[in-house]
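Here are a few exercises to work through with the model open in your viewer. Try each task before reading its solution.

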Amino acid sequence: MTQRVDLATVMDRLAIDEVVTGYAVAVDDGDWDAYRALFTASGRADYSSAGGIEGAAAEVADWLAETMKLFPVRQHLIVNRLVRLEDLGGSPGDSAEVRADFLNPMRLAGPEFDGTVTAPNFVAAGRYSFALARTRDGWRLTRVTVHETWRHMSA
């Protein structure tokens with residue numbers, strides 16, 4: 001590999017990491033326009049393993065906008081990112097896959113007592129599979145699949 005190819009690969013990895021982080025931030029902040037903008041026009045998301053829906057990114061964004069009202073406080077932690085770039089004989093291609101673990105603590109909406117929220121905490125965890133494509137606008141998600149492996153609720 002040449003230094004130019006190595007630099008392109010590093011730049012692709014940074015851009016892909018930014019998309020994955022942008023995904024977590026959009027969901028946590030409830031920024032559904034930003035969520036939609038992370039996907040290609042034909043992008044899809046699958047939350048069925050967590051009891052959700054599978055469909056076009058715009059449809060899933062609408063579903064998330066309603067569902068996440070149940071969790072006014074949420075924080076995605078996406079870690080252990082394994083990035084696989086398409087390899088075109090030593091040069092980076094235009095597709096990539098990311099496998100990453102997640103831990104997602106949230107607080108359910110609920111009543112307050114003396115200014116203290118009494119609703120329980122809810123934690124979900126598992127693994128994401130992200131598929132991405134290089135577009136004119138940069139890297140975008142073509143598919144996100146949630147593989148939830150456990151959840152816990154506590155007071």
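**Exercise 1. Find which residues have the most contacts inside the largest nonpolar core, and which elements build that core.**

Keep in mind that this is a predicted model.

Step 1. Start with the core itself: the largest one has 38 residues, and those with the most contacts inside it are Tyr-23, Tyr-35, Ile-78, Phe-130 and Leu-141.

Step 2. Now sort by element. Two or more residues each come from H1, helix H2 (32-37), strand S1 (39-46), helix H3 (57-67), strand S4 (77-87), strand S5 (92-107), strand S8 (121-135) and strand S9 (138-154).

Step 3. Look for the main contributor: H1 gives seven residues, the largest share of this core.

Step 4. Zoom in on Phe-130. Skip its neighbours within four places in sequence, and Phe-130 still touches Val-20, Tyr-23, Ile-78, Ala-96, Glu-97, Val-98, Ala-100, Leu-141, Arg-143 and Val-144.

**Exercise 2. Decide whether Leu-14 is buried or exposed, and say which patch it belongs to.**

Step 1. Place the residue: Leu-14 sits in helix H1, which covers residues 3-29.

Step 2. Check the cut-off. Exposed means over 50% relative accessible area. Leu-14 has 53%, so it counts as exposed.

Step 3. Look at its companions. Leu-14 joins Leu-7, Val-10 and Met-11 in a nonpolar surface patch, and together these residues have about 400 Å² of accessible area.

**Exercise 3. Work out whether Asp-46 is buried or exposed, and what its side chain pairs with.**

Step 1. Find Asp-46 in strand S1.

Step 2. Apply the other cut-off: buried means under 20% relative accessible area. Asp-46 comes in at 13%, so it counts as buried.

Step 3. Follow the side chain, which makes a polar contact of 2.5 Å with the side chain of Ser-48.

Step 4. List the contacts beyond four places in sequence: Asp-46 meets Ile-53, Glu-54, Arg-143, Val-144, Thr-145 and Val-146.

**Exercise 4. Sketch the whole chain: its element order, its extent and its surface.**

Step 1. Count three helices and nine strands, then read them from the N terminus as α-α-β-β-α-β-β-β-β-β-β-β.

Step 2. Take the extent along the principal axes, where the C-alpha trace spans about 65 × 25 × 25 Å.

Step 3. Turn to burial and contacts. Of the chain's 155 residues, 39% count as buried. Among contacts with a separation of 6 or more, 59% link residues 24 or more positions apart.

Step 4. Finish with the surface: about 8,800 Å² is exposed, with 54% of it supplied by carbon and sulfur atoms.

Methods:
Residues numbered from 1 in each chain as written. Predicted model: local features only at pLDDT ≥ 70, side-chain atom pairs only at ≥ 80, totals over all residues. Heavy atoms only, no water. Patch = residues over 30% accessible without salt bridge, like charges linked within 9 Å, V, L, I, M, F, W, Y side chains within 5 Å. Areas by Shrake-Rupley, 256 points an atom, 1.4 Å probe, with all protein chains shown as cover. Salt bridge = Lys/Arg side-chain N within 4 Å of Asp/Glu carboxyl O. Helix = DSSP H or I, 4+ residues; strand = E, 2+ residues; numbered from the N terminus. Buried < 20%, exposed > 50% of the residue type's maximum accessible area, 1.4 Å probe, protein only. Core = buried A, V, L, I, M, F, W, Y, C linked by side-chain atoms within 4.5 Å. Contact = heavy atoms within 4.5 Å. Polar contact = N/O pair within 3.5 Å; in protein donor to acceptor, adjacent residues only side chain to side chain.
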